[in-house]
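Look at the model below and keep the sequence at hand. The paragraphs after it go from a place on the surface to pairs of charged side chains.

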Amino acid sequence: MAKPKKKIRKAAPKARKVVAKATKRKKPTAKSPKRPVAAKASKGSAAKKSAKPMGRRVAEIVTAATRASIDIESAAGRIERAAVRKVGEVAARATRAMRNAVSSSPKIPGYDELPVRAGAPAGAAWGVFGDDDEVGTINLLTPERVVAATSSIRTGKVFALNLPINIPDPPLFTRGKHTHTVKIFPGAEFVLDDFLDNFYPQASSQWDALAHVKHPVHGAYNGIPDHQITGRGGMRLGIDNLARRGIAGRGVLADVARYYDRVGKSINFTKAESIPLDDVKATLEDEGVELQAGDILLIRIGWTKFYLSASAHIKEELSKETVVPGIEGTERTARWLWDNHLAAVASDSPALEALPKTAGNEMEFLHFHMLAFFGMPIGEMWNLEGLAEECAADGNYDFFLTSAPLNIPGGVGSPPNALAIK
């Protein structure tokens with residue numbers, strides 16, 4: 001029996017030890033009643049402590065957002081200031097270009113100072129642009145003036161100024177009617193080709209080359225002898241000169257037809273009525289347009305609009321005898337055109353000036369002054385209707401104008417392939 005007692009005594013301490021351990025964990029001490037309270041207090045402290053960093057964090061976020069807002073405003077301000085500077089720079093460049101255009105352009109004599117070359121007829125600009133020149137007043141379209149002319153582009157709207165090449169129909173001034181043939185390309189049925197027969201480059205909207213009209217007494221522009229002129233033995237003064245040079249600059253529209261509507265005047269399009277120079281001037285004044293050196297002046301009298309709505313009988317009669325109104329074809333008009341130093345003049349009229357001339361006034365032909373004396377290209381039968389509508393709508397009668405005549409070696413005229421960019 002002694003053996004079991006020993007086992008019990010040995011086991012008892014173990015049990016006590018275990019209990020002691022358990023009791024030790026659970027036994028309250030002097031501090032233990034306070035521990036739950038302390039724990040609660042400590043939890044609240046932690047909340048207070050964590051609230052402070054959260055407040056600081058919110059403050060930092062607000063501060064950062066405020067700074068970002070200020071930075072955005074500053075960036076917007078910088079962009080606005082940069083835009084203002086850019087506009088100022090563009091305006092300054094345009095001003096410089098305009099000044100350069102004036103300062104770098106050749107000194108052009110007034111009409112009363114012509115001629116500048118010995119032996120040239122009175123009122124002739126021969127030699128003004130050089131003794132070998134073949135483009136005349138197109139020389140006034142200097143690079144500086146072309147750059148300055150881009151300031152007339154405001155909306156980017158583009159207006160094509162050519163009539164279809166089959167209008168007028170039948171053609172005027174005894175010109176023939178062309179035929180247009182479209183064919184399938186030989187050996188490649190998926191390709192089309194075409195060609196024109198009997199094509200008159202001046203039958204519709206056109207530029208007159210300087211070779212188109214010479215003075216019957218004094219000869220052609222710049223005194224170039226007949227045997228050197230295209231069609232008379234040589235190849236000079238052809239439209240290819242303008243084609244190689246290209247035409248670009250500031251265009252100005254004198255809408256005489258619309259001005260007449262406003263002031264109660266009218267034009268008889270079946271008569272050779274002459275539109276006084278004073279009415280052209282009054283039109284420009286009414287539009288608020290001031291001509292500048294190198295301008296390309298377009299004069300709308302309303303002929304194209306009339307023709308497109310005319311009866312077949314009227315069109316047939318015009319093809320037999322071309323009687324058309326136009327601007328005053330006098331030396332007075334020539335003087336005004338030259339003294340304004342225009343690069344070229346075009347109209348919707350078939351001849352720019354009224355034709356035919358009355359008996360005894362055959363030598364009062366504006367073509368003699370412009371083509372033979374000045375070397376100033378003449379445009380005729382341009383389609384100005386769409387452009388005129390837009391100018392009347394926005395009140396701006398100047399625009400950027402480009403024209404690329406056909407490069408016909410020795411050609412006497414060409415469609416203008418003209419665009420007005422508003």
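**From a surface patch to salt bridges**

Leucine 192 is exposed, with a relative accessible area of 62%. The model is a predicted one. Leucine 192 belongs to strand β3, which covers residues 192-197. Together with Val182 and Ile184, Leu192 makes a nonpolar surface patch of about 310 Å². Leucine 192 can count as exposed because its 62% is over the 50% cut-off for that word.

Charged side chains come next. How many salt bridges does the structure hold? The count is 21, and three of the pairs are described here, one after another.

One salt bridge joins the side chains of aspartate 226 and lysine 214, with a distance of 2.5 Å from N to O. Both residues lie in the loop between β4 (206-208) and α4 (240-245), so the pair ties together parts that are 12 residues apart in sequence. Are these two residues buried or exposed, or in between? Aspartate 226 is partly exposed, at a relative accessible area of 32%. Lysine 214 also counts as partly exposed, with 24% relative accessibility. Each value falls in the partly exposed class because that class lies between the 20% limit for buried and the 50% limit for exposed.

Another salt bridge is formed by glutamate 385 and arginine 300, whose closest N and O atoms are 2.9 Å apart. Here the pair links distant parts of the chain: glutamate 385 is in helix α11 (residues 385-394), arginine 300 is in strand β7 (residues 296-300), and the two are 85 residues apart. Glutamate 385 and arginine 300 are both buried.

Helix α11 also takes part in a further link. The side chains of aspartate 394 and lysine 422 meet in a salt bridge of 3.1 Å, N to O. Aspartate 394 is in helix α11, while lysine 422 is in the segment after β13 (418-421); the pair links distant parts of the chain, 28 residues apart. Which of these partners is buried, and which is partly exposed? Aspartate 394 counts as partly exposed, at 30% relative accessibility. Lysine 422 is buried, with a relative accessible area of 2%.

Some salt bridges share partners, and in this way Asp255, Arg258, Arg300, Glu385 and Glu389 are joined into one network. The pair of glutamate 385 and arginine 300 described above therefore has both of its residues in that network.

Terms used:
Residues numbered from 1 in each chain as written. Predicted model: local features only at pLDDT ≥ 70, side-chain atom pairs only at ≥ 80, totals over all residues. Heavy atoms only, no water. Patch = residues over 30% accessible without salt bridge, like charges linked within 9 Å, V, L, I, M, F, W, Y side chains within 5 Å. Areas by Shrake-Rupley, 256 points an atom, 1.4 Å probe, with all protein chains shown as cover. Salt bridge = Lys/Arg side-chain N within 4 Å of Asp/Glu carboxyl O. Helix = DSSP H or I, 4+ residues; strand = E, 2+ residues; numbered from the N terminus. Buried < 20%, exposed > 50% of the residue type's maximum accessible area, 1.4 Å probe, protein only.
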